[in-house]
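Thanks for coming, everyone. I'll walk through one chain today, from its sheets to its cores.

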Amino acid sequence: MSAASYVQSILTTLKQRDPNQPEFFEAASALLKTITPVLEKHPEYMKANILGRIVEPERAIQFAIPWQDDKGQIQINRGFRVQFNSAIGPYKGGLRLHPSVNLSIVKFLGFEQIFKNSLTTLPIGGAKGGADFDPKGKSNAEVMRFCQSFMTELSKYIGPDLDVPAGDIGVGAREIGYLYGQYKRLKGAQRGVLTGKGLSYGGSLARTEATGYGLIYYTDELLKANGESLAGKRAVISGAGNVAIYATQKAEELGVKVITVSDSNGYIVDENGIDVAVVKQIKEVERGRIKAYADRVADSHYYEGSVWDADLQYDLALPCATQNEIDGTQAARFKAAGVIAVAEGANMPSDPEAITAYTDAGILYGPAKAANAGGVAVSALEMSQNSRRLSDSFEKVDGQLHDIMQHIFKASADAAAEYGMAGDYEAGANIAGFLKVADAMYYQGMKVYLDIN
Ligand code: NDP
């Protein structure tokens with residue numbers, strides 16, 4: 001069987017088995033389609049059916065999360081943990097709390113996480129989890145009771161050397177604190193069981209900033225490799241959460257003018273450059289809506305709708321909100337808007353038509369699994385600090401993050417060139433991430449079987 005037919009057969013089976021998992025299918029097809037040349041060079045991976053095995057989670061757990069709201073009513077949410085692949089290390093990946101969470105979304109995120117984690121060079125496998133709980137509008141006490149119930153079940157399946165969750169959409173320092181507190185009550189103090197912890201109980205300096213900073217370090221490499229630089233560029237950033245805030249902060253430090261931030265209702269345009277201190281106050285302190293920015297900052301404006309429909313001129317598109325936030329129609333306008341590069345802070349924010357539009361327009365494209373890997377990289381450094389029972393300085397961790405992001409860009413660029421796709425950083429990231437995992441899977445079991453046969 002040719003490599004192309006093998007890939008197609010895996011995708012056909014996947015669609016037949018899970019026809020109701022569109023996000024997972026989108027992520028799996030995007031990856032599998034770019035690694036055909038790897039399979040041509042490594043037929044042993046086909047023989048060992050690495051693809052058939054890699055698209056199937058090693059374990060997927062779904063469970064009920066009962067909790068009591070402030071009115072005394074009992075609410076039920078649905079929780080998930082998908083432990084996708086442990087070939088290169090313990091399962092690692094965030095927890096998402098958002099009403100849209102379902103098995104398809106958790107599987108797409110867990111699948112992406114396998115290759116992202118591999119790209120960081122650190123020994124971590126891929127996983128993801130979450131629940132269809134909406135933290136918006138809930139009191140602290142409600143969030144705490146929910147997190148305690150969530151962890152009561154999840155604690156049976158995780159551990160510092162087994163599976164180490166972290167934050168994602170809707171899970172920040174507050175939620176990690178409640179989750180860790182409950183884990184500790186149930187199983188004792190094992191700091192390495194979660195990352196993104198508070199600094200007073202085992203968190204790492206620079207973890208809060210890591211995904212956003214890492215995105216900008218990656219974008220810097222992407223531009224430099226193509227004869228451009230960050231300084232003096234104008235950027236549109238979507239989202240106003242953890243990733244968007246620290247991407248804005250680092251971009252502005254490096255001379256970029258960030259003109260937007262957004263949430264799921266609308267977006268701010270500030271032609272003077274987003275004042276990140278105001279965004280932090282609204283989002284991190286008050287847990288408010290981004291609309292409030294326009295009331296506080298002169299000459300800024302709030303508009304309802306998607307920032308990707310805004311009529312603006314800019315050089316860099318940095319989506320930092322959620323999956324499939326940019327579609328083909330929106331992406332088709334990027335060239336005329338002046339966009340030279342898209343780098344993804346969010347996971348899978350560009351739908352397949354959008355990615356085709358970037359390629360057709362010659363726009364540089366930095367895919368999520370490479371561009372936003374800084375968060376999980378620093379999470380792995382947090383695990384390492386927890387094992388050593390020592391805390392590293394901000395400068396040390398930030399320096400390690402910078403080195404890792406430079407490595408990720410170079411490894412992606414080199415892999416793309418080696419397989420005849422120079423400049424295709426998506427294919428390069430997929431190939432570089434895949435090779436290490438495939439190799440580990442191959443040598444951990446199937447070699448003996450193949451030799452016997
Ligand atoms: P946060 O919860 O801190 O912020 C999410 C932001 O995105 C909010 O402004 C939110 O607005 C907006 N958003 C969420 N859903 C939608 C939607 N359907 N449409 C428009 N806007 C939306 O999450 P993070 O910043 O942590 O995560 C953002 C993205 O980055 C996600 O894709 C996540 O998977 C990815 N990521 C995060 C990492 C991390 O370390 N935190 C690591 C790697 C990737 P609203 O308040 O209205 O919901």
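Before the first helix, one term: contact here means heavy atoms within 4.5 Å. And a reminder that this is a predicted model.

Now the helix. H9, residues 207–224, lies across S10, strand S11 (341–343) and S12. Its direction is at about 150 degrees to S11.

Those strands belong to an open sheet. What is the strand order in this sheet of 7 strands? It reads S9-S8-S7-S6-S10-S11-S12, with mixed pairing. At the edges sit strand S9 (301–304) and strand S12 (364–366), and each of them pairs on one side only. On average, neighbouring strands of this sheet are turned by 15 degrees against each other, direction ignored.

Look at the S9 edge. Strand S8, residues 266–269, pairs with S9 in the antiparallel sense, over 4 bridges. One residue pair to find there: Gly 266 has Glu 304 in S9 as its bridge partner.

On to the other sheet. Here 5 strands form an open sheet, again with mixed pairing. The order is S1-S2-S4-S3-S5. Strand S1 (59–68) and strand S5 (163–166) are the edge strands, each pairing on one side only. The average turn between neighbouring strands is 20 degrees in this sheet, direction ignored.

Let's stay with S5. Strand S3, residues 91–97, pairs with S5 in the parallel sense over 4 bridges. Tyr 91 stands opposite Asp 163 in S5. Gly 94 has Ala 166 in S5 as its bridge partner.

In general, side chains in a regular strand alternate between the two faces of the sheet. Which residues of S5 are buried on each side? Asp 163 and Pro 165 are buried on one side, Val 164 and Ala 166 on the other. Both faces of S5 are covered.

Helix H7 packs here too. H7, residues 140–154, lies across S1, strand S2 (74–85), S3, strand S4 (125–131) and S5. H7 runs at about 145 degrees to S1.

Next, charges. Side chains of opposite charge can pair when their charged atoms come close. How many salt bridges does the model have? The count comes to 22.

Take Asp 70 and Arg 145. This salt bridge has its closest N and O atoms 2.6 Å apart. Asp 70 lies in the loop between S1 and S2, and Arg 145 in helix H7, so the pair ties together parts that are 75 residues apart in sequence. Asp 70 is partly exposed, at 46% relative accessible area. Arg 145 is also partly exposed, at 27%.

Now Lys 128 and Asp 168. Their closest N and O atoms are 3.1 Å apart in a salt bridge. Lys 128 is in strand S4, while Asp 168 is in the loop between S5 and helix H8 (173–187), 40 residues apart. Buried or exposed? Lys 128 and Asp 168 are both buried.

A third pair is Glu 228 with Lys 233, where the closest N and O atoms are 3.1 Å apart. Glu 228 is partly exposed, with 33% relative accessible area. Lys 233 is buried, with 11%. As for shared partners, salt bridges join Arg 96, Lys 128 and Asp 168 into one network.

Arg 96 brings us to Gln 323. Where is Gln 323 placed? In the loop between strand S10 (316–318) and helix H13 (328–332). Its relative accessibility is 13%, and the cut-off for buried is under 20%, so Gln 323 counts as buried. The Gln 323 side chain makes a polar contact with the side chain of Arg 96, at 2.9 Å. Another polar contact goes to the side chain of Thr 322, at 3.2 Å. Leaving out residues up to four places away in sequence, Gln 323 touches Arg 96, Ile 105, Phe 108, Asn 347, Met 348 and Pro 349.

Last, the cores. In soluble globular proteins, nonpolar side chains tend to be buried together. The largest nonpolar core here has 106 residues. Among those with the most contacts inside this core are Leu 32, Phe 111, Tyr 218 and Phe 434. Helix H19, residues 425–452, gives the most to this core, with 10 residues. Phe 434 touches several residues, including Ile 35, Val 38, Tyr 45 and Phe 115. Apart from this core lies another, of 23 residues, among them Ile 65, Ala 131, Leu 179 and Tyr 183.

Technical notes: Residues numbered from 1 in each chain as written. Predicted model: local features only at pLDDT ≥ 70, side-chain atom pairs only at ≥ 80, totals over all residues. Heavy atoms only, no water. Pairing = 2+ DSSP bridges. Helix = DSSP H or I, 4+ residues; strand = E, 2+ residues; numbered from the N terminus. Axes fitted to C-alpha atoms, helices over the stretch in contact; angles between N-to-C directions. Buried < 20%, exposed > 50% of the residue type's maximum accessible area, 1.4 Å probe, protein only. Polar contact = N/O pair within 3.5 Å; in protein donor to acceptor, adjacent residues only side chain to side chain. Salt bridge = Lys/Arg side-chain N within 4 Å of Asp/Glu carboxyl O. Core = buried A, V, L, I, M, F, W, Y, C linked by side-chain atoms within 4.5 Å.
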